[in-house]
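Biologist: I would like to go through some labels used for this structure and ask what stands behind each one.

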Amino acid sequence: MKKYILLLTTALLLLSTASAKIKVHTIGDSTMADYDENTTDKRGWCQYLQSFFDADSITINNRGKSGADTRQFYNNNWPSVKSQMAAGDYLLIQFAHNDEGTVTYGTDNLELAAYNAANGLPALTDARGTCPYSTYRDMLRLYIDEARALGVNPILVGPICRKYFNGNTIKRNGQHDLGDNFWKLENGQLLKSQSLPASDHTMDYVEAMRIVAQEKNVPFINLTEATKNLYLQLGEATCTSTLFCNGDNTHLKAGGAMQVGRLGAQMLKDSIPALASFITIPTSMTVSPASIQLGDTYSGVAQLKEVLLSGSGLTPEAGTITATASGNLLLSLDGETFSPSLSLSYAGGSLFQRIKVQALYAAAGQQTDSVVFVCGNQRNVVDVTANVISLDGGMEVSATWAIADKATITDVVTVGPIAAALTMQHMLATDSKAEFTDGTESTISMVRIHNADDAGAKTAWPANEIDENVSRYVDFAITAPAEAQVRITRISMDMAAHSTGYMCLHVNTGMNDTMDDVTTIAEKKNMTNKQIYSESWTPTITIPAGQTLHVRILPWHEYSEAKSGKYIALRNVVIEGMVFSEEPESALQENAEQKAAEKRMVDGQIVIVRNNEEYTILGNRIR
């Protein structure tokens with residue numbers, strides 16, 4: 001305890017100095033991660049945590065990762081988190097959802113894989129799963145010890161409950177206790193369908209976390225119990241309609257993430273004295289995020305961000321909130337119709353509203369604009385900053401995978417000085433079917449791709465998957481020239497599901513073999529059977545000279561039983577960009593006939609003109 005008090009006292013002294021700005025790093029799974037509001041309706045509760053902290057003193061560095069268990073995160077993501085830490089920082093650790101596994105039922109993934117190999121059983125296709133009384137505890141200890149070695153203050157946070165109602169309570173597995181149904185390896189045998197009485201917490205991940213917290217003398221925030229109580233207070237119907245994504249018992253939408261974020265912030269305020277004075281739980285209008293940093297963005301390519309406006313105890317109880325955007329910004333409630341200002345009515349002293357903010361820049365350089373919200377005497381200002389990069393003076397490059405049939409699936413056509421390749425892991429191209437439809441034609445042919453084992457043989461999709469499996473993907477990669485960078489302007493593809501209505505996928509981008517800076521640019525849930533989804537995205541990605549961008553499709557089958565004969569299908573995958581030499585007078589610039597991006601009004605709509613091509617405000621080329 002003395003050591004714990006000393007650490008908190010040291011942190012408090014650091015916080016009190018004018019020059020100190022402490023980071024609160026958050027690591028864990030998809031329930032706390034950041035999401036692009038233009039990609040999915042999912043929101044992680046840590047996505048809104050900054051709203052409750054004094055931004056002048058505390059910065060939230062949310063590093064939650066979809067699909068990660070404690071070991072996977074440690075191997076793939078923890079080194080980069082550690083590189084961002086400094087003495088006096090804090091670390092919130094929340095894991096369990098993926099440690100429970102989708103094919104391991106509470107056993108250790110590596111131990112089960114070794115058992116299967118020794119007994120001639122199929123290899124596991126999911127690299128997730130830790131045992132709560134062994135590996136899970138060991139991994140939590142690693143995070144704690146390595147954080148403390150850096151002078152960082154670890155805090156264990158119980159994983160949020162799943163919405164698994166059973167009458168007037170939440171089921172054991174909803175509270176991350178697998179005691180009703182688990183597997184275990186004992187004396188060289190795999191024992192399935194095991195159970196324990198409710199009083200036995202051997203298979204309880206939250207109890208395992210509590211034990212480690214006591215052992216290591218670190219704070220434990222029981223967000224599991226707090227979210228259980230919240231769900232029971234609201235009831236199943238209200239939880240379903242206000243907190244959770246449609247058809248999802250695990251992931252929160254904006255209203256739920258904001259409410260759980262508020263709950264988590266209150267628990268931190270009550271439990272961590274050194275942070276308490278920097279946490280405010282408002283009872284009036286709240287705007288989240290408090291500021292928007294777009295970072296690098298390209299001229300002529302619109303960026304969409306979301307602001308969450310919420311209020312309780314508003315004065316007067318009924319009235320109007322006005323939102324006004326400046327400069328390069330426009331506002332929208334539906335993401336389609338934009339204007340410089342909005343007027344929002346509320347009643348009962350409360351309001352909850354998502355607002356889309358569009359930023360569209362013509363000039364390069366640092367840009368700062370703002371959105372001002374006014375409710376009675378209260379005024380909230382959200383600054384929007386961006387570093388706008390011009391696309392003038394580059395040469396067009398592209399890589400196109402037609403994926404016309406199984407035999408030529410890896411064939412790629414490139415334009416410009418780039419290299420490109422298609423690879424797959426735990427995926428197998430099986431055949432083509434002329435059964436897909438785009439809404440007009442109904443006999444479109446696409447290559448079907450199935451889940452596969454380590455040897456590349458077709459195998460069943462695991463049961464109960466709720467998120468991506470990082471070891472199963474189709475990967476499209478382009479590599480920049482050795483002496484030039486590539487600025488990506490568009491990624492597009494056709495995608496579909498076959499023989500199922502439960503296929504889901506993420507489209508992720510990341511750099512090099514280590515998949516640095518992973519970003520989910522698209523999510524599809526429960527795709528309609530044989531329906532082609534034609535998608536296009538305009539992420540701001542610059543590939544440094546000689547480095548490789550990966551665009552990965554990571555599918556999973558969201559069904560309660562293992563299933564075979566279920567497929568994803570892809571075609572016409574295109575990655576486009578502009579290549580810029582690192583030498584200002586290179587031939588690339590001399591030969592490129594480029595024109596500056598400009599806005600025009602065409603038939604009452606804003607159109608972006610760049611290089612004599614017309615684009616919508618979302619970056620889609622007008623054909």
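Modeller: This is a predicted model. In it, R448 lies over the face of Y567, at 3.8 Å from the ring centre.

Biologist: What makes R448 count as lying over the face of Y567?

Modeller: The distance part of the rule asks for CZ of Arg within 6 Å of the ring centre. R448 is at 3.8 Å from the ring centre of Y567, so the distance part is met. The rule also asks for a position within 35 degrees of the ring normal.

Biologist: Where does the charged end of K163 sit?

Modeller: The charged end of K163 sits over the ring of F244, 5.7 Å from its centre. For Lys the atom is NZ, and the limit is again 6 Å, so 5.7 Å passes.

Biologist: How many aromatic pairs does the structure hold?

Modeller: The structure holds nine aromatic pairs. One of them is Y136 with Y205, which is edge-to-face.

Biologist: Why is the pair of Y136 and Y205 called edge-to-face?

Modeller: The centres are 5.0 Å apart and the planes make 80°. Pairing needs centres within 6.5 Å, and edge-to-face needs over 60 degrees, so both conditions hold. Y136 is in helix 5 and Y205 in helix 6, 69 residues apart. Both tyrosines, Y136 and Y205, are buried.

Biologist: Why is A482 called exposed?

Modeller: A482 has a relative accessible area of 67%. Exposed means over 50%, so the label fits A482. This residue lies in the loop between strand 24 and strand 25.

Note on methods:
Residues numbered from 1 in each chain as written. Predicted model: local features only at pLDDT ≥ 70, side-chain atom pairs only at ≥ 80, totals over all residues. Heavy atoms only, no water. Helix = DSSP H or I, 4+ residues; strand = E, 2+ residues; numbered from the N terminus. Buried < 20%, exposed > 50% of the residue type's maximum accessible area, 1.4 Å probe, protein only. Phe/Tyr/Trp six-rings, centres within 6.5 Å; stacked < 30°, edge-to-face > 60°.
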